[in-house]
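User: Please take a close look at one small sheet in this protein. I should like to know how its strands are paired and what packs against it, and then how the surrounding parts of the structure fit together.

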Amino acid sequence: MQIALAGALATVVSTGATLAFYEESLPTSMNPLYAQSMVDNRVHELVLDRLYYHSPITNELTSNVTNQWELAEGGKAVRLTLKKGIRWHDGKGFGAKDVCFTVQAMLDEGTTSPIAQKQRAVFAGCEVEKDLVALVRFTKIFHNPRERLGFQVLPEHIFEGNTAIPPDHPFNTRPVGSGPMKGSMGRRGVAFEQVDNAHHEADIDKMILQEAQDPLVQVRTLQNNGVQGIIAVPPPYRPEVAASDELALKSYDLRSWWFVAVNPNKAYLADKRVRQALNQLINRNELRQLSIGVKPDEQNPPCEFISGPFVQSSPYYNRAVEVSPNSDKDAAFALLAQAGLKQVGGRWQYKGQPISLRIGIKAPLEIEAPDLLSQIGNQLSAGGFDRQEFKISVDEWNTKVLTGQSDDFDLLVGKWSFGLVEDVNPLFHSRSGDKGNLNIFNYNEKAVDSLLSQFNTARTDTQAQDAYHALHELLASELPYLFLWKLDTKSAWRTEVRSNTITPYYYWTVFDAWKFEP
Amino acid sequence: MSARWLRPAVRLGAALVLPFVVPGLITGLIWALPGDPASIICPPELCSGTEALAERWNLDKGPWHFFSSWVSGALTGDFGNSWRLQQGIPVAELLEESIPTTAALVSLGLLLLILGATGAATRWLPAKLDPVLQAVGLVPAVVMAMSAAAALTIGYGVEQYSDQANLLRLGLGALALGLADAALSGTVTGVRGLMESERRQRYVQMAILRGEGTLSNALPNTLPALAGQMRARTLHLLSGAAVVEVVLQINGLGDLLWGGTLAQDFGVVLAASFGFAVLSAALLLLQALVEIGTELHVRRSPGGVVA
């Protein structure tokens, strides 16, 4: 009886309302080393601190946890001085040992994570020089070393110094972080609680993340104030949300671009003229209108066409390479004829055999762009190609598509997102060793490899930009991908949530400024 | 052993082996499926630790090694940690939450069926209500559960997982289980048919003429059949519970099994199927005890008889 009363009383005197929101799904892991989805990346941003991040306002590289930095060892290392007084959520001090522990964990082969594996090509080690001074060593000189320090710092004391972190460690569900919120994952959602710190003082006391339901149920619940936000509003419901006075639709730049990867290993797709012809058959305006609902004359559309492997706001985007918003059937047919294909009864054939294109799409993308796969199929069919359409599960995408084992497909529709480091080398470099490990169809072109190596060895931002500008131009001609668009997601928040600046990609980076006035 | 004891003996034997046979069969099934969780978390082309991970999780030496390692842990209550569903959380903790929830859900659904069966047996429930129950029973459990889930979400919003909402969720789930898919209507018509048929037997008619009760005479003879019917209904509820839990987001065994299967979290899948097998074994045990008890009761010599 007394316990129940105390519980009730605690509820009455507890400070702050709870901000609830819908996410696309529950996170797979609260450990950034085992992040598998954008949901994971967003949750980590609330619970842990990255050494460096881009300010969403000024785009400057900045840090919540470091005071100063300097290059060392001829540019192959960075010396970081950490801020004083920062604590982990359990009260223990945050220091250089945690930074070095995180680096060592990424380097440890016992940390069975693809993210850690990727970082082993970047980091060579870390040394604790003082309590708050760490020397991070790289494998080579990078022209942008601080951009390589965008990883979240893990607490050394939780893992008791054991740098081999397995995927079934309890930290992965009940993490101890240094971020503005302490998080704990249950079977139905994630509960967050504000923690004061030397470098964070979030205004919102509590948050609850729940998995998104049916889109209509999500929007109704938001309208009824059952939740206060939806991270990703499905396109068909955006007009309804935009029309409401109590709700605000906000752009969320995922720094992502959509593509159709083309399999150059298939004989009829090996000739780049065929790939160029497919590019000419695709009407991007029509695709955008039918699958996302954006009209051609819309001002500030959330969906911006691209002509290469970067978003238009990227310094690596080559503005001299124009986009092709509409189709050109005559040009496409001419290219196909030049490549030796013949049209029989309105259908294209290669060496006497009819061509039937197997087109796949990563399944979750159909929620963001409904019917995109069918629309692409329709356009190619109108251009004279038979087709078969497939949806590919996330697991199959990660284990087969990204590892270059999907040669039975001709075309694959997907999306790439880039956080801090916009490095497209793994996508286009020929597969060998640790290079090209995200090269979907094992595309292999020496000129492309050469430009990618130029980027890798660049010592200045200008050299890096020049390499990638040239790459953009080359890929726009070679077309291992048909580049589609950058698509902003739209979040919906009730107007009681104020100052809610949404950081591109990471979302919650400047969460300290968010206010909730129910 | 005489034939009348064979059936309960078989049920007792099945109850003992079921909790291990079911996970064994599940192990064979999941091994036949393409892919494995170690390769999903650490694809060999992207990550060099796949083999180490497979060894950590006993996936490296075939299904028998995996199953036997699992059994030796399960016998001491150690089901390992969840690999993907709730990374790092002991599976035993997940089971501790899930088993009572599923038991409560199925029990509440069963309560509805018992009330219906009792009403039918005692003729308290009139036969003219049968068409109404049958019409309600045409609705699939998944449809009822989905309607309830939408109402809960819209009505409660962020509080949809509060204690009050969870109780309501359990109640609505039990209603869906009990009413849908002809569960209640089948029970009522089945028991009514059995009891009416028994009522027409000569010995019951004679007992009525002697001024004795109908049920006290007919029930011992119909009890084994009734026990069998109810066990079948309970199994029907148990299998339906998996669907209702997933749709209504009830933290039970069915939801755990579903989530574990989707995530290829073998430890969770085996533990959840073990949980289901234990509940089924408990039902088998109960039925065996009822059959034994009935046999002993039917065959006892009545008191006060002078030879």
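Analyst: In this predicted model, a convenient starting point is V344(A), which stands opposite R347(A) in β16(A). The two strands concerned, β15(A) and β16(A), the latter made of residues 347-350, run antiparallel and are joined by three bridges. They belong to an open sheet of three strands in chain A, with the order β15-β16-β17 and antiparallel pairing. β15 (342-344) and β17 (353-354) of chain A are the edge strands; each has a single partner, so one side of each is left without a neighbour in the sheet.

The sheet also has a helical neighbour. In helix α9 of chain A, residues 329-338, the buried residues are A332(A), L335(A) and L336(A). Viewed down the axis of α9(A), these buried residues fall within an arc of 100°, so they line one face of the helix. Their packing partners are α7 (272-281) and β16 of chain A. β16(A) is therefore both a bridged partner of β15(A) and an element against which the buried residues of α9(A) pack. Just after α9(A) comes G340(A), with a positive phi of about 95°.

The sheet and this helix can be placed within the chain as a whole. Chain A is divided into domain 1 (16-48 + 179-252 + 491-518), domain 2 (54-169) and domain 3 (256-487). The C-alpha centres of domain 1 and domain 3 of chain A lie 32 Å apart. Six residues from each of these two domains of chain A take part in the contact between them. On the side of domain 1 of chain A that touches domain 3 of chain A, five residues are nonpolar, one is polar and none is charged. R255(A) sits in the loop between β12 (247-252) and β13 (256-262) of chain A. Although R255(A) is not a glycine, its phi is positive, at about 50°. Its C-beta atom has 20 others within 10 Å, so R255(A) is counted as buried, the threshold being 20 or more.

Domain 1 is also linked to domain 2, through a shared nonpolar core. Of the 77 residues in the largest nonpolar core, F21(A), V99(A), V136(A) and I230(A) touch the most other members. Helix α3 of chain A, residues 96-107, gives the most to this core, with seven residues. Domain 1 and domain 2 of chain A both give residues to the core, so it lies between them. Leaving aside residues up to four places away in sequence, F21(A) touches L209(A), V227(A), Q228(A), G229(A), I230(A) and I231(A). Apart from this core lies another, of 76 residues, which includes I30(B), L152(B), A241(B) and L253(B).

V136(A), named above as a member of the largest core, stands in β7(A) opposite C126(A). Strand β6 (residues 123-130) and strand β7 (residues 133-138) of chain A run antiparallel and are joined by six bridges. The hairpin that connects β6(A) to β7(A) passes through two residues. Further along, in the loop between β7 and β8 (181-185) of chain A, is E160(A). Like R255(A), E160(A) is not a glycine, yet its phi is positive, at about 55°. E160(A) is exposed, with 6 other C-beta atoms within 10 Å, whereas R255(A) is buried.

The loop between α3 and α4 (114-119) of chain A holds T112(A), which is buried, with 26 other C-beta atoms within 10 Å. T112(A) and P166(A) are 54 residues apart along the chain, and 6.4 Å separates their C-alpha atoms. Not counting residues up to four places away in sequence, T112(A) touches P166(A) and P167(A) in its own chain and I41(B), C42(B), C47(B), G49(B), A52(B) and L53(B) in chain B.

These contacts lead to the interface between the chains. It takes 31 residues from chain B and 38 residues from chain A. On the side of chain B that touches chain A, α2 (37-41), α3 (50-56) and α7 (141-156) of chain B each supply at least two residues. The greatest contribution to that side comes from α7(B), with four residues. By class, the residues of this side of chain B are 15 nonpolar, 13 polar and three charged.

Technical notes
Residues are numbered from 1 along each chain as its sequence is written. Chains are lettered from A and ligands numbered from 1 in the order in which they are written. This is a predicted model: local features need pLDDT of at least 70, side-chain atom pairs count only at pLDDT 80 or more; totals for chains, interfaces and linings use all residues. Two strands pair if DSSP finds at least two bridges between them. Two residues are in contact if their C-beta atoms, placed from the backbone, lie within 7 Å. Ala, Val, Leu, Ile, Met, Phe, Trp, Tyr, Cys and Pro count as nonpolar, Asp, Glu, Lys and Arg as charged, and the others, Gly among them, as polar. Domain bounds come from an automatic or database domain assignment. A nonpolar core is a set of buried Ala, Val, Leu, Ile, Met, Phe, Trp, Tyr and Cys residues joined through C-beta atoms within 7 Å. A residue is buried if 20 or more other C-beta atoms lie within 10 Å of its own, exposed if 12 or fewer, and partly exposed in between; C-beta atoms are placed from the backbone. The arc is that of the directions from the helix axis to the C-beta atoms.
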